Amino acid sequence: MDKTILCIGAGYVGAPTMAVLADNCPEYRVIVVDINEQRIAAWNSDKLPIYEPGLDEVVKRNRNKNLFFSTDVQGGIKKAGIIFVSVNTPTKTSGRGAGKAANLQYWEQTARDIIEHSENDKIVIEKSTLPVRTAEAMHRILSANDKGLNFDIISNPEFMAEGTAVDDLQSPDRVLIGAMEDESGQRALRRIVAIYQHWIADNKIKTTNVWSSELSKLVANAMLAQRVSSINSISALCEKTDANILDVSDAIGMDSRIGAKFIKAGIGFGGSCFKKDILNLVYLCEYYGLPEVAAYWEQVVKINDYQGRRFVDNIVNRMFNNIAGKKIAVFGFAFKADTGDTRESPAITICKLLLEENAQLAIHDPQALHNAKLDLADSSGEISYCENPAEAATDAHAIVILTEWQQFKDYDYRQFYRAMKKPAFIFDGRNILDHQALYELGYNVFPLGQKARNHLDCHSY
Ligand code: NAD
Ligand code: UGA
């Protein structure tokens, strides 16, 4: 029991986290359970349900040795002394706090499953991202058992990013573990610290009380997203003033107090967490009577929405205020490179806005086409999904870059140009291409936060 770890939730976080844990802690038996049978079947198959560089090797190296994927939630709870809970915590869509507060129904269900099936004391670990003070509610629910069992609640939020999950989990900047301050809580804390000590140096393991740990997770995401919104707001000003956002990012990032990371301008942040976690923070601030603080953080989300709309407005304006009936090749649908995840991808809104203008879309992405089809299933309009970028570009009036996939830089844009309608446009929403070279090939090039390279406009290049 002491050496059996259960993780409830086999998603983007639960499964990779447990795979890396199992890899580093061979004496532990790690079981990952989920109510989604298809997902578990995929974790047990050759084709894992998520694309993540390096993950296949770690999973396949440990699977069915000390790493198991199962739908037997009940059996897992019985066997394990330590339970990580990594279920989804999306934004509420109805009721009190709709649109901002976290929906804790999946989370609470796991608490109820744990009480129902437990036969001995457990350490329950919040791996999901949760509103500050959730552990209090969790503790109340778990303490209301009539079996005389003790449950210690630990907060151990996850900071990995998709696309770099395996590296982030193997070599994190820090592991944060928050525990209750009583003796039992501190004992539980020592057991969880001991697990991480298998591969994480002591100076990277930060321990706090539960509330600081829960809140730090929300604040880390809010601060990262704030940097993206800050630089995106400045990209708009660059386009008006002939300043270059790449130079501005470099210049400010060289200040060691600011730092170079998370100041890349783009079409806005996506992903399943930034928006939901900031809105959760906004809701908490409102709930605790801090409207000014709430408004401050909400602005980060508003600038993000603005950036996507601004990008589409520019496309329409530059293409003679009309894209109806024009084919547009969309390169990239994932919310960032190296993942097939499209949750909250800015590409979803951008494609929908382009469809509202009656454009025809040919979407190309190396990993995200399946998800793109699901995301746009309800959208009316002409959409095709292309494995091959040349197919997307043929007869297109414009190429629009929405994800910073490395391979997009190496495509044969000369060949695309020949096959496109003229004048041919490129809108580089991630600033990854060689704009001058494209201009010289004949394209009218519109980067983000930089001067346009436009054959049609004598005020530009
Ligand atoms: P996900 O939707 O990919 O996975 C959650 C899984 O939990 C699903 O497979 C779902 O079927 C399962 N589940 C829900 N209720 C269950 C129950 N009662 N019993 C068993 N399984 C159940 O979500 P995710 O992206 O892995 O995120 C999980 C949590 O981690 C969220 O709180 C998120 O904010 C946080 N987080 C996510 C990331 C990320 O990069 N995706 C990073 C850090 C933290
Ligand atoms: C983010 C955080 O980076 C993780 O630490 C955190 O654990 C995770 O959220 C979570 O809680 O879910 P993730 O969303 O996977 O990770 O990816 P990021 O690399 O943070 O990118 C988020 C979005 O911001 C992407 O759309 C990306 O393109 C965009 N971004 C990022 C920029 O536009 N500019 C940048 O400079 C950086």
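What follows is a short look at the surroundings of ligand 2 and at a few backbone oddities in this predicted model.

Start with ligand 2. Its shell holds 20 residues, and those that come nearest are Ala-161, Lys-264, Phe-269, Gly-271 and Cys-273. Sorted by character, the shell splits into 11 nonpolar residues, 5 polar ones and 4 charged ones. Both domain 1 (4–200) and domain 2 (209–461) pitch in, with at least three residues drawn from each. As for secondary structure, helix H9 (residues 210–241) supplies the largest share of the shell, namely 3 residues.

Now to the backbone. Two asparagines turn up with positive phi despite not being glycine. For Asn-321, phi is about 60°, and the residue sits in the loop that runs between helix H12 (291–318) and strand S9 (327–331). Asn-321 counts as exposed because just 8 other C-beta atoms lie within 10 Å, where the cut-off for exposed is 12 or fewer. For Asn-358, phi is near 65°; this one is found in the loop linking helix H13 (346–356) to strand S10 (360–364). With 13 other C-beta atoms within 10 Å, Asn-358 is partly exposed.

The remaining backbone feature is a cis peptide bond between Lys-422 and Pro-423, with omega at about -5°. Pro-423, too, belongs to a loop, here the one between helix H16 (413–419) and strand S13 (425–428).

Methods
Residues are numbered from 1 along each chain as its sequence is written. Chains are lettered from A and ligands numbered from 1 in the order in which they are written. This is a predicted model: local features need pLDDT of at least 70, side-chain atom pairs count only at pLDDT 80 or more; totals for chains, interfaces and linings use all residues. Helices (H or I, at least four residues) and strands (E, at least two) are DSSP runs, numbered from the N terminus. A residue is buried if 20 or more other C-beta atoms lie within 10 Å of its own, exposed if 12 or fewer, and partly exposed in between; C-beta atoms are placed from the backbone. A residue is near a molecule or strand if its C-beta atom, placed from the backbone, lies within 6 Å of it. Ala, Val, Leu, Ile, Met, Phe, Trp, Tyr, Cys and Pro count as nonpolar, Asp, Glu, Lys and Arg as charged, and the others, Gly among them, as polar. Domain bounds come from an automatic or database domain assignment.
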